[in-house]
Amino acid sequence: MKEKIGDWIRKTKGKFTAALPVILFFLFLFYTVILFFGVHYVMVVSITTVLFKVHYRKQLTIRRMISIIAAQFLLMGLAYLATWNLAWCVLLNMTVPFVLVFLRSSQFNQLGYFAWAMCFVFLQMNHLSVREFSVQAAVMVYAMAVFAGIWFLFQRNQKQGNDYALAQKGTRLLARAVEELAGESVDPVTVSELFVVQQGLYKAAYQSRGANYIVTGKGKIQYMFALLFQRVCYFLQNPQEEKQGLSEETRSWLQELADYLKKAGERMFEQDSPEEELEQEAKRLLGQVDRCERRTACMAQNLLRTFLLILEDLHHVNGSRPQYDWKLPKEHRTIHRLLHPMKPDVFETRFAMRLSFVLTIGFTYNMTIPAEHGYWLVLNAFILLRPMYEDSAYRMKTRFVGTAAGCVVLHVLLLVFTGNVGHFLLAGLMVAGMYTETPGTMIHAVFVTCFALTMTTMALPQNLAMELRLLYVAAAVLLVLVINRFVFPTSLKSQFQYNIQLLFHMQHLYLRMVHYSIRERIDYGTICDAQIHYHLVYDQIQQYIQGMEEADRHYYQELILLSWLMVSESEQMLFLINGRRITLKDAGHLEDYLEFTDLILGDIQEMMDVRPKYRIEDQEKLFGTYRRTIEDSLQLSTLLEQYAKQMSSLYLLVLSRVRNR
């Protein structure tokens, strides 16, 4: 018991220390806004604190900081406009949240909308006169100035960490894997750890994307490292490959490569790294790669060529600058998705509709029924609504129980903290608890309730305030429950089924890109976007299947492994063809191979009841000669052969599953 209490104290202390900058920011802004402008405008404090919490550790450009602040003023204006009358209320609450979800969120960044929507929602809760709105605008100017000023101080005083710590870890693992390969005994744990690093780098690259570009300079480096590790993992993990019986010359060269990677992994990330020396050493190794056997030589060439590209960019690319030459494909840009027919099975559409409905209903109630603290309904509904049903259901329970417990706790605390000074002191203590505890938990709900009621009981009788709080939380639970049930419901299970569909869609997309690249070069941004998107979908599936029963988990684990191998082979085909590293004399045979493969993938989907999409051809056709070899490219022929074997294994896996149902 004593150990558990001690462990809880250590964890709480750690969380409090981590949250201390945010707590101090809130308290400073909270008390100064009340002092200078009055308690009526404290909503601005919560909005600004969330912005600070999200951004204060980030290295933002001045331009980016200005755009964040400008967006807050735009949302403040829209929120004020929404309070004019019911027509504006309905129109803006149906459109603004919808656009914010499309602009800021995706299935891989589900809460990206929250900090922005919070400004629009919270500033609608009080109906202001023109004079009061002008005061609120002054409060916003003050809050944004404090936000920008403290962010700037953090940037100046914050120690610069290693932006590529994960990539450095991966390089060390890569060196270990190559050394183990030289000893002909690769540890599966090393490969697994390298795979995890690869997935983490794809996520990091995705987080750097903008509205019309794939990655920033830093994201580009992270993506290239992820690609490097993926190719090595493919080589080490491919069950079709024979990895025994390396010659003495091959083992000797691999040991040299491992030694080089160890040295490069330590020195290439330093500010004054010897770039020319590292590049010359890599080129020397590349020139001697013919000492290795053919299969190992192919892997080594891919590794070193990619490594040389990374070395070239690492200290010459501006980490925060967008890579505009890697453009986001037009169909993935926000404006294109907003102006074209929206697909009802897409995450953004489904959640945007639910959020818009909840806010429209909540604010319509707030505007048409003059109830005391009626805005608590929409405030709690906004907090309880989450992209996934399971998360919403969990928060409904913790919010209601935490609210009830908070009322009891506050009743006791107000016996001690009396008068306005006592209320403000208690509010500060509750803020410390709010930002220390994990949002969504019951304890967090207790602190939130105590803070809200501490402020409310300064104007309302204590019992009335508590009754209203419980009533509106219960009403918000009911509203969110109904919306989640009947308006485009999304659960982890349904998202998993959609992701399986996406997994096959991405296979078709890769075949289309290989098919297109035979005749025309493909913009590398398109390839990068597809690669990152696939691995994020893969990661979501991997997380979900961990909770399945053993038989189902084994089936889906095998399915996504085969899919991953096929995508790795497709990516290498693209690298060879799109980079014009080979000349295709018999391109027609390759096109026939791709069209036939595309058809087989469609058959596998039909067995799984997953509707086909992104097909090369809409209609079935008679094929020419189907061959797995290309006369003028041994490496491409090997990839085609491997791809066909993976797909055969996938077909048999799914067929066996269907027969055993």
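Trainee: Which residues of α2 and α5 meet?

Mentor: In this predicted model, M43, S46, I47, V50 and L51 come from α2, and their partners in α5 are A115, M118, C119 and F122. By class, that contact holds 8 nonpolar residues, 1 polar and no charged ones.

Trainee: What makes S46 in that contact polar rather than nonpolar?

Mentor: The nonpolar class is a fixed list: Ala, Val, Leu, Ile, Met, Phe, Trp, Tyr, Cys and Pro. Serine is not on that list, nor is it Asp, Glu, Lys or Arg, so S46 falls among the polar residues.

Trainee: And how do the axes of those two helices run?

Mentor: Helix α2 spans residues 43-55 and helix α5 spans residues 114-122; their axes come within 9 Å and cross at roughly 175 degrees. Anything over 145 degrees counts as roughly antiparallel, so α2 is roughly antiparallel to α5.

Trainee: Let's move to α10 and α12. Why is α10 called roughly parallel to α12?

Mentor: The axes of α10 (residues 248-267) and α12 (residues 294-314) cross at roughly 20 degrees and come within 12 Å. The cut-off for roughly parallel is under 35 degrees, so α10 gets that label relative to α12. The crossing of this pair is left-handed.

Trainee: What is the make-up of the contact of α10 with α12, by class?

Mentor: It has 12 nonpolar residues, 2 polar and no charged ones. On the α10 side you'll find T250, W253, L254, L257, Y260, L261 and A264, while α12 brings T296, M299, A300, L303, L304, F307 and L311.

Trainee: What makes α8 and α21 oblique to each other?

Mentor: Helix α8 (residues 188-206) packs on helix α21 (residues 524-545) at an angle of about 125 degrees, with the axes 9 Å apart. That angle is not over 145, nor does it fall in the 65 to 115 range for roughly perpendicular, and it is not under 35. What remains is the oblique class, and therefore α8 and α21 are oblique to each other. Their crossing is left-handed.

Trainee: Which residues make the contact of α8 and α21?

Mentor: From α8 they are F195, Q198, Q199, Y202, K203, A205 and Y206, and from α21 they are Q531, I532, H535, L536, Y538, D539 and Q543. They divide into 7 nonpolar, 5 polar and 2 charged. K203 and D539 are the charged ones, because Lys and Asp are on the charged list.

Trainee: Now the core. Which residues touch the most other members of the largest nonpolar core?

Mentor: That core has 116 residues, and the ones with the most touches to other members are F225, Y260, M268 and I532. A second core, separate from it, has 107 residues, including I69, L92, L359 and L379.

Trainee: What is F225 in contact with, leaving aside its neighbours within four places in sequence?

Mentor: A167, T171, L201, M268, F269 and I310.

Trainee: How do you know whether R395 is buried or exposed?

Mentor: You compare its relative accessible area with the cut-off. R395 has 12%, and buried means under 20%, so R395 is buried. It lies in helix α16 (residues 389-413). Beyond neighbours within four places in sequence, R395 is in contact with I383, L384, R386, P439 and G440.

Trainee: Why is A71 called partly exposed?

Mentor: Its relative accessible area is 21%. Partly exposed starts where buried stops, at 20%, and exposed needs over 50%, so A71 belongs to the class in between. A71 lies in helix α3 (residues 62-82). A71 and W116 are 45 residues apart in sequence, with 8.1 Å between their C-alpha atoms.

Trainee: And what about H505: buried or exposed?

Mentor: H505, in helix α20 (residues 492-517), has 1% relative accessibility and counts as buried.

Trainee: Last one. What stands out about phi of H373?

Mentor: Phi of H373 is near 55 degrees, a positive value in a residue other than glycine. H373 sits in the loop between α14 (347-368) and α15 (375-384), and with 16% relative accessibility it counts as buried. F488 also isn't a glycine, and its phi is positive at about 45 degrees. F488 is in the loop between α19 (462-486) and α20. At 29% relative accessible area, F488 is partly exposed.

Technical notes: Residues numbered from 1 in each chain as written. Predicted model: local features only at pLDDT ≥ 70, side-chain atom pairs only at ≥ 80, totals over all residues. Heavy atoms only, no water. Core = buried A, V, L, I, M, F, W, Y, C linked by side-chain atoms within 4.5 Å. Buried < 20%, exposed > 50% of the residue type's maximum accessible area, 1.4 Å probe, protein only. Contact = heavy atoms within 4.5 Å. Axes fitted to C-alpha atoms, helices over the stretch in contact; angles between N-to-C directions. Helix = DSSP H or I, 4+ residues; strand = E, 2+ residues; numbered from the N terminus. Left-handed = near helix turned anticlockwise from the far one by under 90°.
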